[in-house]
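Colleague: I am a first-year student, and I would like to look closely at a single part rather than at everything at once. Please choose one place, begin there, and show me how its surroundings connect to it.

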Amino acid sequence: MHDTAKVIAGIAVFLIVVLSPVWYNTVTGQASYVPQLKLPTDEKYCVETAPYMRTNHIELLELWKKIVVRTGKRIYKATDGKTYTMSLAGTCMKCHSNKADFCDRCHNYTNVQPNCWECHVVPKGVKTEATEHAR
Amino acid sequence: MNRRDFLKLACFSVVGTPARSVFDRLTGKDIAGPTKEGQPKWAMVVDLKMCASKPGCRDCVDACHSIHNVPAFNNPKDEVKWVWTDSYKNIFPEQSHRFVSVEVQTRPVLILCNHCENPPCVKVCPTRATFRREDGIVMMDYHRCIGCRYCMAACPYGARSFNWKDPRPFIKKIKEDFPTRTKGVVEKCSFCEERLAKGLKPACVEACTTKALTFGDLNEPNSQVRNLLASKPNIRRKAYLGTEPKVFYLE
């Protein structure tokens with residue numbers, strides 16, 4: 001083999017190019033980036049516990065939808081016994097009135113595009129991202 | 001059990017299973033259907049004469065369409081409607097012969113989803129997006145609708161509309177407390193299920209100034225609808241199809 005130097009150089013260049021985003025993030029400190037969410041100020045507790053809501057909010061919404069649409073019942077009894085009206089625009093958005101810095105920020109970070117608001121109407125006074133409907 | 005008995009029994013059960021439902025139908029199951037204790041069965045009675053007493057009236061249509069965010073497309077091909085009117089001779093072709101007075105023939109008839117007891121739209125829906133609730137309301141779960149429009153083909157009353165376009169730009173004033181629909185879903189009247197849950201009457205009934213619309217519970221023997229149906233001759237659209245519509249018309 002006469003091209004050892006060239007092959008090694010080629011591999012090196014390839015690795016530098018491929019790994020550059022990783023290095024860039026490590027050097028600039030962006031690897032540990034997590035979106036900073038603005039939590040509602042007037043309410044400390046969501047319908048269920050925060051870890052549950054963080055991972056299962058879509059399952060809860062799906063359950064609410066099922067109960068409301070299929071059975072017509074509208075009151076949800078949470079694990080702690082408190083009752084809530086099952087409504088995305090009416091109940092969730094009452095506390096989470098900063099949609100842009102809570103819902104949208106995390107959904108953008110995780111590249112999730114929920115289509116709730118194609119039909120449900122964002123209540124007035126709720127802060128939204130202007131770009132949300134642009135997709 | 002020997003082989004012969006087993007085969008006999010198998011044959012009987014195969015024949016017997018569907019025969020049961022046929023038997024039930026032939027023996028005349030009540031239109032109110034199986035009743036759960038305290039379970040209402042919603043129905044509407046439309047008095048055509050009273051309705052016609054205010055020519056050109058659109059109070060109920062406007063009320064319904066505005067609270068449910070129903071879009072107003074200018075093109076009739078794209079039209080979305082929950083309640084609307086058509087002439088008597090179009091809606092009751094089997095009732096209108098040449099001796100029916102012109103006044104009756106041209107009378108506007110208010111039409112909406114009939115919330116059939118035996119809804120063909122529900123049978124054909126491949127995703128179970130449309131279904132019949134125990135209180136008789138034929139509902140849509142817009143989340144599940146894939147826009148195949150089988151239900152529209154199956155509905156003998158043309159009560160369903162399809163969103164060919166994004167409806168939002170065509171809604172005059174979007175009401176916040178009710179969702180809009182999106183491009184590619186079918187929609188129709190829901191008997192104001194969201195208002196019934198609050199103990200209110202359907203918006204069209206409330207908006208009607210001529211008292212032509214009566215809404216109530218068929219399972220309640222003394223309800224206004226039951227009294228009207230018992231005391232006055234009434235007709236239903238295409239009742240011969242066996243869909244058991246729950247919108248009744250007084251002539």
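**Around L112(B)**

Modeller: If the neighbours within four places in sequence are set aside, L112(B) is in contact with W82(B), V83(B), A159(B), C189(B) and V247(B). Before going further, please keep in mind that this is a predicted model, so I will also say how confident the predictor is in the chain we are looking at. For chain B the mean pLDDT is 91, with 92% of the residues reaching 70 or more.

L112(B) belongs to a wider group, for it is listed with V46(B), V83(B), C204(B) and L213(B) as the residues that touch the most other members of the largest nonpolar core, which has 52 residues in total. Strand 1 of chain B, covering residues 42–47, gives the most to this core, with 5 residues. A general tendency is worth recalling here: in soluble globular proteins, nonpolar side chains tend to be buried together.

Which elements does a helix beside this region pack against? The buried residues of helix 3 of chain B pack against strand 2 (83–87), strand 3 (108–112), helix 9 (203–207) and strand 8 (213–217) of the chain. Notice that L112(B) is the last residue of strand 3, whose range is 108–112, so that the place where we began lies in one of the elements that the helix meets.

Helix 3 of chain B itself runs over residues 59–67, and the residues of it that count as buried are C60(B), C64(B) and H65(B). Why can these be said to line one face? Looking down the axis of helix 3 of chain B, one finds the buried residues within an arc of 115°, so they line one face of the helix. The general geometry helps to make sense of such a pattern: an α-helix has 3.6 residues a turn, so residues three or four places apart point the same way.

What comes after the helix deserves a careful look too. Helix 3 of chain B is followed by N69(B), which sits in the loop between helix 3 and strand 2. N69(B) is not a glycine, and yet its phi is positive, at about 55°. For comparison with the general rule, most residues other than glycine have a negative phi. Is N69(B) buried or exposed? With 22 other C-beta atoms within 10 Å, N69(B) is buried, because the cut-off for that class is 20 or more.

The loop between helix 3 and strand 2 of chain B also holds P76(B), and here the surroundings are of another kind. P76(B) has 6 C-beta neighbours inside 10 Å and therefore counts as exposed, the cut-off being 12 or fewer. One distance may help you to place this residue in the view: from P76(B) to Y157(B), which is 81 residues away in sequence, the C-alpha atoms are 17 Å apart.

A positive phi also turns up at E244(B), where the value is near 55° and the residue is again other than glycine. E244(B) is found in the loop between strand 9 (234–235) and strand 10 (247–250) of chain B. Strand 10, with its range of 247–250, begins at V247(B), a residue that we met among the contacts of L112(B). E244(B) is partly exposed, since 18 other C-beta atoms lie within 10 Å.

It remains to set this part into the chain as a whole. Chain B has 10 helices and 10 strands, and its C-alpha atoms fill a box of roughly 75 × 45 × 40 Å along the principal axes. Of its 251 residues, 33% count as buried. Among the contacts of chain B that join residues at least 6 apart in sequence, 63% link residues at least 24 apart; the contact between L112(B) and V247(B) joins two residues that are distant in this way.

A last word of caution concerns confidence, which varies along the chain. Over residues 27–31 of chain B the pLDDT stays under 50, and for this stretch the model has 3 contacts beyond four places in sequence. The model as a whole scores ipTM 0.80 and pTM 0.81.

Conventions: Residues numbered from 1 in each chain as written. Chains lettered and ligands numbered in written order. Predicted model: local features only at pLDDT ≥ 70, side-chain atom pairs only at ≥ 80, totals over all residues. Helix = DSSP H or I, 4+ residues; strand = E, 2+ residues; numbered from the N terminus. Arc of directions from axis to C-beta. Contact = placed C-beta atoms within 7 Å. Core = buried A, V, L, I, M, F, W, Y, C linked by C-beta atoms within 7 Å. pLDDT = per-residue confidence, 0-100.
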